[in-house]
Every structure is written in C-alpha cells, then in structure tokens.
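Subject: Handover of the two-chain model

Dear colleague,

I am passing the structure on to you with this message, and below it you will find an account of what was found. Please read the account with the coordinates open beside it.

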Amino acid sequence: MPQFILALFIALSFSIGTFLILRRDLFKVLWGIVVLSQSANLFIISMGGISGKVPVISGHETYVIMTDPLVQALVLTAIVIGLGTTAFALVLILRVYEECGTLDLDQIWGGI
Amino acid sequence: MTLIQILSGHSPALPLLVALTTASLTLLFRRSIKLTLFFSLLGVFMYISSVIFLASFVRSGALVYQFSSWPAPYGISFVADSLSLIMLIMTSIVALGVILNSINAPHLNDENLSYHSFFHFILFGVTGAFLTGDLFNLFVWFEVTLVSSYILVTIHSNIGQTRAAITYVLLNLIGGTLMLLSIGGIYAITGTLNLADLSYRLSHPGLYNISISSIFLPFLILFIVFALKSGLVPFHFWIPSVYQEAPSQVSAILSGITKKVGIYAMIRIFFTILPSDIPAANSILFGNLSILAFFGAILFILSASSIIFGGLAALSETNLDRILAYSSISQAGFILLPLSIGALFPVFKHLAIVATIIFMLNHSIAKSSLFIASGYIKQITGSLNLSELSGIHKSAPILSLSFLICMVSLIGIPPSIGFFGKLYLLIMPAHALSSNPYSSIFIVSIIIIGTLLSLLYFTRIWNMIFWGEISPIVASVKFPILGQYLILFSAILLIVFGMGFDLMFSLIDSAAFSAMDSSGYIDAVLYNK
C-alpha cells in the first residue's frame, strides 16, 4: 500500500510539473521544471526500494532487508546539480525581466 | 618510479586534470588578461599533449582506469578506446582553433567575463563525457558541459542573448530531468549503472532476473535526450537563435564540440552497450523488430527531416550566423543518417559508424572554422547581413579561400574529407540496391536533395558575401592578415585529412570496430583483459 501511495504521489507531482511548464508565465515554467526534477529524484529514490529498515553498515548482517544506498547517493548528486542550474535559471529570468520588462512568454518573443 | 611511469598509470585522467587545472587557474588570475591568455593557451597545448600521451597507450582494445582503484561495477570507470580517442582528438583540434581565434577578440577578453575559464570547463565536461564508463557519471558530465555553455551563451547578457538562452536553458533542464528518469528506470530494471556491466546483464537477462521488455521505455527516453543534445529536428528550435546571439567563438564550441557529445553518447549507448538482439517492447505492433532497429527507424525519420528542413530553412535566412545554424541542423541529420541505416540493417553497422565518424570530424572542423570566420567578419565590419556585405574576396582573399574550402568540405566535394563521408554514406544504399530497391532509392534521394540544398545555400553565401562588387561597408575596413591565416590553418586540415585519407581511415576504422565491440568493452572493464 505505501508503494501505491508513493507511486500515485510521484505521478501527481509529475502532472503538476507538466501543467506548470505549459504556462505562459516564465517564472511558473521554471517552478514546473523544479517540481519535475524533484519528482524525478523521488522516482529514483523509490527505485531503490522503500522496504528496507537498516542502513548498510557492518554489524547489520543479520538483517536481510536493507535499503539500497546507491540511489540515495545518486539523488544527492542530482539535488546539488539541480540547485546550481535552478540558481542560474533564476538569475537568467531576472535578467530577462530587466531586459524585457515582462515575464510573459508571448510578449518576450512577440517583441522581435 | 619516474614521473612518466606515474603519469602513464593515470593517463586517462590526465586530459581531465589538465582542463580542470587550467579552468581554475584562469578563474584565479582573471584580473590579468595577459596571465589568463597565457594559462589558457598553455592549457590547450597541455590538453593536446595529454591526449597524445593517452593515445600512445591505447593500442588495441580499451584502456580502463578505475578511479581510486575501486573494482569495476562498484566504482567509476573511465574507458579510453579508439572511439573515445578520436572524439578527444577532434575536440583538441577544435579547441586549438577556437582559442587561437579568441586571442584577438576584445569582446571576449574582458576581466569580468571569465570566458577562458568556462571554455576550459566545457573541455573538462566534454572530456569526461567521452571517457566515462558509467551512465550516471555521463549525466554529471553532460551537466558540467551544459552549465558552462549556459554561461558562455549569455556572456554579455544583452537582450538577444538572454532571450535565446531562456529556450536553451529551460529545454536542457527538462532534458536533464528526463535523463535522470531514464537512469532511474534502467537502474531499477537491471540493478547497475556501469555501462559494461549493463551491457553484460542485458545480454544475459535470465541470470539477473531482468524483464527485458520493460527496458524499452528508459532507452526511448535516453534516445530523446541524446537527440535533443545533438539538435535533431523536433528538438532543433533553440539552435538558430542561440548560435546567432552567442559570440561566434562560442557558437564554434557549441557546434564543434558539445553537439558531438550527444552523437557520441548515441553511438556508445545504442551500438556498444545495447545488445542488438533485444526485441522491441510491443511485439504485436512492431513484429519481431529488434529494439535497435526500432530506434534506427525513428532516427532515420528524424535525421532525414533534419536534412531537408535545415537545408530549406538555411535558404530563407539573410543572416550569416543563422544560415550556418540551420546548416548545422542539416549536417546533424547527415551525421546521424548513416547511424540510422546501420541500426536498421545490421550488415552495414561498421560502414555506418565509419561514415558517422567521418561526418563528425568534417563537421566539427569545418563548421567551427565557418563560425570563427563569421565572427571575424562581424568583428571587422560589424554586420553579418547578406545584403550589406559583398565583395570580401577582394579585400580578404585568404579568409575567402578558407571559407570556400570549409564550404566545399561540408558539401562533400573531393579532395576534402567531407567527400569520404558522403562516399561511405552512399556505399550502403548502393550495396542494398538489389535486395532493397525502394528503400535504397529513397535513402539516396534524401542524400541527393540534402546535398543539393547545401550546395544552394553555400553558393548563396558565396555569391552574396564574397563575390561581386565591394559594398561600402567592406570598402571602409581592412582585414588584418593574421586572423585570416589562423582560419586557413583549419581549412587546410580538412584538405590534408582528405588527401591523406588512408592514414585517417585506419584510425576511423579501429574506432568503428571498438564502437561495435561490446564483448571487448565488457572484458576490458569487468575482467581487466
């Protein structure tokens, strides 16, 4: 049951992200991408299995079910990369607002 | 142990270290333009020597480097085989051309811009992507390359650059997310991200309890991500405005180096790693088509439409940079068309990869020189508009000659290297003519239409900008001779590669063999053979 709820939640956040990407407001588009990348991270975490009860360290050999630590390492890397790129995109959007005076995508591209 | 012995043990990591060190040094000394230029030039020469040093160790098979000596499926492996090596050599040639032509560009050598530093960060990311043997690591190198290229595209952050970068950045952020998704899927299905281990597990699905039909979707997403990086047609719309607005040296890097990362990854993942006998997911829809043939069919449609669309769009533009950008889209189609034929017909796999590598080499050198030349024209005359420029062949004969050679090579006229790309591309349908007449004729007609279109738009550039009477804008300026010779150098390289093709061919041939040699790749990485 928890797996099902998690899957449902990931699907929901993917659809929220997709909805936001299709907006005209540039800022909302960026939030859509942030939501999407977070749901991708959730997806990877859930791929490692959520049934484990103990971390992988010595002394826990008697327990059979362990959570896969690799996916967590991957997601940590992905979060850091996502932080950097999101920060850059935010600054870029600020520059677009300063140059164009608007964040409406139609007007940004309409003024050529 | 002597220094050489220590270095030779770490030879695959050397180009990376050199690029990273240079990037840091140029960032550290960015206040002094002279020091920055010195370190940047030194860094490129060191990079080239480290690539040559690495090349001296890669004789047969793959050279494997395990970071921190962790054994293969657990640590991060670097694999230097002939394919990676030829990509690194290509990168070094383009990097040298770009950096030599950046010295005289005052709009890039500003202490507030850190252009050289991010140039070397791009080299760093690209080198990692060409050498890595791990899928997640490939994602990380993609991001390193992309973040540096975002900064270079928006280097002056004026209205045009920010507007062009918005599409580029947001699209690639979505691409990165998609790649993460497919990595998660592949890890969940196979339980590994090491490319060699992945290839082994996929060819022995029973041993590892892998449901082979579910592998289709993650690989489809991966395919879309690579197509986006290489700028094939449905994902091409960011290219023209980015190449137009970014400084020409940056466009040269983007079209000459970073675009090839997506194409390299496509060869590596779909030809080396993915076993060719895996059936596509839905056997009712696709019959017993293999997964590789399915991607070949998609790739054929994408690259054929890129060739036609890029050619037609280039004909309708009036800005030199935009014509070159659309020509890049068309050439990306030419680079990937042989690959799609190789995926569809396994007999032609080797020929296909050979043709793809020749096209990549040709396009990297020729298109980056064309962009550098266009940047040079813009720096001198201040305009790239086809209607304002005319008669450059009189005031800058050497520039015009090098431009002509690059165009000739991109069209595919002997004795340039571009001719051999077209030759190997045409050999495949010629062989299949008796067994598959309709598809061969279809392929040949697409190649002919694409080549005619490129002939047309390049003739148009030549007639309007270089020939004819000198326009007032051209008459009022002088073209410095040094810059012209720098562009001529890479143009001559295209002819030299074409004349000495026998020597080049042995290198390309071994690269194509190592691209197809899955078992050799697995043995080298997993069993140290």
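A residue is called exposed when its relative accessible area is over 50% and buried when it is under 20%, with partly exposed in between. By that rule B:Glu469, with a relative accessible area of 61%, is exposed. Please keep in mind throughout that this is a predicted model.

B:Glu469 is also a convenient place to begin with the charged pairs, since its side chain meets that of B:Lys394 in a salt bridge with an N to O distance of 3.9 Å. This pair joins distant parts of the chain, for B:Lys394 sits in helix H16 (residues 392-395) of chain B, whereas B:Glu469 belongs to the loop between helix H19 (437-466) and helix H20 (472-475) of chain B, 75 residues apart. B:Lys394 has a relative accessibility of 45% and therefore counts as partly exposed. The salt bridge counts because 3.9 Å falls within the 4 Å allowed between a side-chain nitrogen of Lys or Arg and a carboxyl oxygen of Asp or Glu.

Over all chains, the structure holds eight salt bridges. In chain A, the side chains of A:Asp106 and A:Arg24 form one of them, at 3.4 Å from N to O. Here too distant parts of the chain are linked: A:Asp106 lies in helix H4 (residues 105-110) of chain A, and A:Arg24 lies in the loop between helix H1 (2-21) and helix H2 (26-47) of chain A, with their positions 82 residues apart in the sequence. A:Asp106 is partly exposed, at a relative accessible area of 47%, and A:Arg24 is likewise partly exposed, at 47%. The pair belongs to a network of salt bridges that links A:Arg24, A:Asp104 and A:Asp106.

A further salt bridge in chain A brings together the side chains of A:Glu98 and A:Arg95, at 2.7 Å from N to O. These two residues are three apart in helix H3 (residues 69-100) of chain A, and so they are separated by about one helical turn. A:Arg95 is partly exposed, with a relative accessibility of 24%.

As for chain A as a whole, its secondary structure comes to four helices and zero strands, and from the N terminus on its elements run α-α-α-α. Of its 112 residues, 34% count as buried. Among the contacts in chain A between residues at least 6 apart in sequence, 49% join residues at least 24 apart. Chain A exposes about 6,800 Å², of which carbon and sulfur atoms supply 71%.

Turning to the interface, 30 residues of chain B are in contact with 33 residues of chain A. The two chains, B and A, bury about 2,700 Å² between them, with 84% of that area on carbon and sulfur atoms. On the side of chain B, B:Arg163, B:Ile166 and B:Tyr187 lose the most area to chain A, together 23% of what that side buries. Between chain B and chain A there are zero salt bridges, while two residue pairs are in polar contact across their interface, both at pLDDT 80 or more. Helix H6 (135-153) and helix H7 (159-190) of chain B each supply at least two residues of the side that touches chain A, and the largest share of that side, 18 residues, comes from H7(B).

Elsewhere in chain B, B:Ile398 lies in helix H17 (residues 397-411) and, at 16% relative accessibility, counts as buried. Leaving aside residues up to four places away in sequence, B:Ile398 touches B:Ile481, B:Gln484, B:Tyr485 and B:Leu488. Its C-alpha is 9.6 Å from that of B:Gly483, although B:Ile398 and B:Gly483 are 85 residues apart in sequence.

Finally, on the cysteines, a search of the whole structure finds zero disulfides over all chains. A:Cys100 is partly exposed, with a relative accessible area of 25%, whereas B:Cys406 is buried, with a relative accessible area of 1%.

With best regards

Technical notes
Residues numbered from 1 in each chain as written. Chains lettered and ligands numbered in written order. Predicted model: local features only at pLDDT ≥ 70, side-chain atom pairs only at ≥ 80, totals over all residues. Heavy atoms only, no water. Disulfide = S-S within 2.5 Å. Buried < 20%, exposed > 50% of the residue type's maximum accessible area, 1.4 Å probe, protein only. Contact = heavy atoms within 4.5 Å. Areas by Shrake-Rupley, 256 points an atom, 1.4 Å probe, with all protein chains shown as cover. Buried area = accessible area lost by both parts, 1.4 Å probe. Polar contact = N/O pair within 3.5 Å; in protein donor to acceptor, adjacent residues only side chain to side chain.
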